[in-house]
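Q: I would like a close look at a single part of this model, the site where the ligand sits. Please keep it plain and work outward from there.

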Amino acid sequence: MGFVVAIDGPAASGKGTLARRIAETFGFHHLDTGLTYRAVAKALLDGNVPLDDEAAAARTALEVEFAGLDRAVLAAHGIGEAASKVAVMPSVRQALVEAQRRFAARQPGAVLDGRDIGTVVCPDADIKLYVVAAPPVRARRRHSEMQAAGSTASYDDVLADLKRRDARDMNRDDSPLRPADDAHLLDTSEMDIETAFRAARALIEAAR
Ligand code: C5P
């Protein structure tokens with residue numbers, strides 16, 4: 001096991017950007033675990049398989065190739081929504097979590113970001129961060145990213161979608177989104193990424 005950094009938080013909280021910066025700075029491997037759930041959802045959508053077909057979703061989860069996860073292909077907003085539907089299924093989570101744990105063991109260290117990294121995937125992580133931001137701040141960030149990518153979705157729709165996804169992620173029975181007891185809370189509502197990164201770097205250096 002190398003050094004493990006666990007980063008959790010709701011959609012568009014800034015955890016992905018933070019995870020990438022940390023991985024680059026310390027020379028660690030990075031896994032955006034959201035992409036693993038998105039890959040399952042996209043395979044079902046592409047095959048016209050209903051999103052509530054748990055047996056098909058679990059088979060698909062066992063086949064996800066972590067090396068081939070492409071953020072550009074999986075980023076679409078609709079795939080995130082579909083991912084949160086397959087993510088409530090225990091058999092899907094079990095298959096993905098096992099592979100995520102193997103990734104976390106890579107040397108010299110790994111940064112994993114998601115919803116349940118500090119609580120379920122890597123409860124013994126060397127450092128745990130829980131990144132939050134107020135819903136309107138997250139919706140503004142997500143809305144501008146989507147506009148830049150050519151989307152015409154309204155800010156109000158983006159905010160409503162985020163709130164619905166937060167509720168689904170926080171209220172499911174298996175591995176709900178919540179901070180681990182020993183997680184450090186980072187609120188990025190009024191913090192730019194550079195400030196958040198400096199705070200995270202200081203915590204990691206202290207833990208090493
Ligand atoms: O982070 P991202 O928006 O890509 O995640 C998509 C969905 O995948 C989340 O809304 C959540 O339902 C699910 N997910 C999860 N556990 C993780 C990462 C993502 O349940 N560790």
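Which elements each supply at least two residues of the lining of the largest pocket?

A: This is a predicted model. In it, the elements that each give at least two residues to the lining of the largest pocket are helix H1 (15-26), H2, helix H4 (71-74), H5, strand E3 (109-114), helix H8 (135-148), H9 and helix H10 (193-207). The pocket has a volume of about 1,000 Å³. A total of 43 residues line the pocket, and those closest to its centre are Ala12, Arg38, Arg71, Arg142 and Glu145. Sorted by class, the lining holds 16 charged, 15 nonpolar and twelve polar residues.

The ligand takes up the space of this largest pocket. Three elements give two or more residues to the shell around the ligand: helix H2 (33-46), helix H5 (77-86) and helix H9 (155-171). H2 has the largest share of that shell, with four residues. In all, 15 residues surround the ligand, and the closest are Arg38, Arg93, Asp116, Arg165 and Asp169. By class, eight residues of the shell are charged, four are polar and three are nonpolar.

Individual contacts with the ligand come next. The side chain of threonine 33 has an N or O atom 2.9 Å from a nitrogen atom of the ligand. The side chain of aspartate 116 also places an N or O atom by a ligand nitrogen, at 2.8 Å. For aspartate 169, the partner is an oxygen atom of the ligand, 2.5 Å from a polar side-chain atom of that residue. On its own the ligand has 450 Å² of accessible area, and the protein covers 96% of this.

The second largest pocket can be described in the same way. Its volume is about 160 Å³. The lining is made up of His30, Leu31, Asp32, Leu35, Phe66, Ala67, Leu69, Arg71, Phe103 and Arg106. Strand E2 (residues 29-32) gives the most to this lining, with three residues. By class, the lining of the second largest pocket has six nonpolar, three charged and one polar residue. Arg71 is among the residues that line the second largest pocket, and Arg71 is also one of the residues closest to the centre of the largest pocket.

Two backbone details concern loops that adjoin elements named above. Proline 108 lies in the loop between helix H6 (90-104) and E3. The peptide bond that leads from glutamine 107 to proline 108 is cis, with omega near 0°. Asparagine 48 lies in the loop between H2 and helix H3 (54-63). Its phi is near 55°, which is a positive value in a residue other than glycine.

To return to the site itself, the ligand occupies the largest pocket, H2 gives the largest share of its shell, and the protein covers 96% of the ligand's accessible area.

Terms used: Residues numbered from 1 in each chain as written. Predicted model: local features only at pLDDT ≥ 70, side-chain atom pairs only at ≥ 80, totals over all residues. Heavy atoms only, no water. Near = heavy atom within 4 Å. Polar contact = N/O pair within 3.5 Å; in protein donor to acceptor, adjacent residues only side chain to side chain. Areas by Shrake-Rupley, 256 points an atom, 1.4 Å probe, with all protein chains shown as cover. 1 Å grid on protein atoms, 1.4 Å probe; cavity = no way out; pocket = protein on both sides within 12 Å on 5 of 7 lines; lining within 4 Å. Sits in = over half its atoms within 2 Å of the grid points. Nonpolar A, V, L, I, M, F, W, Y, C, P; charged D, E, K, R; others polar. Points joined across faces, edges and corners; volume = space filled by probe spheres on them.
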